[in-house]
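Here are my notes on the model you sent over. I went through the ligand site, then a couple of backbone oddities.

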Amino acid sequence: MEKRNLIKISDLSAAEIDDMIALANDIIANPDDYAEACKRKKLATLFFEPSTRTRLSFEAAMLDLGGNVLGFSEASSSSVSKGESVADTIRVVGNYADIIAMRHPKEGAPAVAAAKSIVPIINAGDGGHFHPTQTLTDLLTISREKGRLSDLTVGLCGDLQFGRTVHSLIEAMLRYDNIKFVLISPEELKVPDYIIEKIKDAGAKYKEVTKMEDVMSELDILYMTRVQKERFFNEEDYVRLKDTYILDPEKMAMAKDDMIVMHPLPRVNEISVEVDSDPRACYFEQTLNGKFIRMALILTLLGLDKNGKKTA
Ligand code: NCD
């Protein structure tokens with residue numbers, strides 16, 4: 001089998017995503033069947049930028065498949081701090097691990113790594129660019145909660161400029177029928193032009209608004225995001241924009257009874273804790289789905305079935 005990487009969501013066909021969602025649902029229903037699928041396999045998690053959910057869910061995913069994990073959670077604890085290039089790090093780690101999940105502050109770094117690596121590379125987030133495994137998590141969550149991935153009005157709210165989860169999710173949802181995007185952000189944090197071009201090219205409907213209240217009643221999904229402090233050039237702008245949107249019970253009262261609220265987390269102030277007990281809030285289920293879809297992804301990229309046998 002040719003080496004497969006996941007750098008951007010379009011590296012997977014829509015049919016492969018459907019298969020992966022079906023596989024994740026089977027893992028959720030029958031976890032014991034997969035407990036030894038990756039026996040003697042190793043996943044390396046190379047995190048050059050902080051993470052809680054993504055790194056731990058990758059590690060939990062590999063452990064639940066019967067595999068092992070190694071890696072580092074900050075650049076300062078690796079030889080990068082001595083000046084080693086990503087390309088060299090990757091060539092070395094490929095000798096120790098069967099698959100690598102990598103997060104990096106620089107856009108494009110995982111693509112460079114993939115070109116040098118002898119084992120599959122998974123982009124676990126590159127700067128303000130893409131985050132395809134969060135998108136797989138989001139698609140699994142939407143399909144489980146709404147029962148479909150088409151015919152949906154999707155509100156994306158917050159930092160749409162730097163939010164890489166938003167960019168990947170839009171790219172993925174453009175492949176489904178009758179999706180309408182409602183892009184809710186301050187003027188300064190609008191979706192970048194290259195993403196708007198993709199929406200236009202796909203012929204999907206979208207609108208850009210600045211007030212949540214004006215659109216709450218239209219939405220089937222509300223995807224909240226935090227303002228990405230670490231990507232701002234100055235503190236003043238961050239402080240001015242950070243609390244632009246706060247989802248609270250008052251705003252939830254304007255929404256449909258079956259709207260779902262999603263958030264890739266970490267949350268800062270943008271969803272008040274009172275919303276957590278609303279049955280429409282599904283951001284914690286989303287984190288659990290993240291482990292199951294990463295199990296499906298690891299099996300798919302390694303080309304293994306539940307018995308650890310090569311599928312191709
Ligand atoms: C997101 C990320 O890292 O881009 N978090 C995550 O992976 N669950 C969102 C964020 O940091 O705001």
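1. A quick definition before the contacts: a polar contact here is a pair of N or O atoms within 3.5 Å. Bear in mind that the whole thing is a predicted model. With that cut-off in hand, take threonine 54: an N or O atom in its side chain is 2.9 Å from an oxygen atom of the ligand, so the pair counts as a polar contact.

2. Two more side chains reach the ligand in this way. Arginine 164 puts a polar side-chain atom 2.8 Å from a ligand oxygen. Glutamine 134 has a side-chain N or O atom 3.2 Å from a nitrogen atom of the ligand. As for cover, the ligand taken alone exposes 320 Å², and the protein buries 94% of that.

3. Where does the ligand sit? It is in the largest pocket. The residues around it include Arg53, Arg103, His131, Arg226 and Gln228, along with Thr165 and Pro264. By type, the shell splits into three nonpolar, five polar and four charged residues.

4. Which helices should you look at? Try α2 (53-64) and α6 (164-173), each of which supplies at least two residues of the shell. Both domains take part too: domain 1 (9-131 + 289-302) and domain 2 (132-287) each give the shell at least three residues.

5. Now a backbone point that touches the ligand site. Leucine 265 and proline 266 are joined by a cis peptide bond, with omega at about 5°. Most peptide bonds are trans. Leu265 and Pro266 are both among the residues around the ligand, and proline 266 is found in the loop between β9 (260-262) and α10 (283-302).

6. One last backbone item: arginine 40. Its phi is near 70°, a positive value in a residue other than glycine, whereas most such residues have a negative phi. Arginine 40 lies in the loop between α1 (14-29) and β1 (42-47).

Definitions and conventions:
Residues are numbered from 1 along each chain as its sequence is written. This is a predicted model: local features need pLDDT of at least 70, side-chain atom pairs count only at pLDDT 80 or more; totals for chains, interfaces and linings use all residues. Side-chain values use heavy atoms; hydrogens and water are left out. A residue is near a molecule or strand if one of its heavy atoms lies within 4 Å of it. A polar contact is a pair of N or O atoms within 3.5 Å; within protein, one must be able to donate a hydrogen and the other to accept it, and residues adjacent in sequence count only if both atoms are side-chain atoms. Accessible areas come from the Shrake-Rupley method with a 1.4 Å probe; for residues, only the protein chains shown count as cover. On a 1 Å grid over the protein atoms alone, a cavity is a set of points where a 1.4 Å probe fits but cannot get out, and a pocket is an open set with protein on both sides within 12 Å along at least five of seven lines; lining residues have an atom within 4 Å of a point. A molecule sits in a cavity or pocket if more than half of its atoms lie within 2 Å of its grid points. Helices (H or I, at least four residues) and strands (E, at least two) are DSSP runs, numbered from the N terminus. Ala, Val, Leu, Ile, Met, Phe, Trp, Tyr, Cys and Pro count as nonpolar, Asp, Glu, Lys and Arg as charged, and the others, Gly among them, as polar. Domain bounds come from an automatic or database domain assignment.
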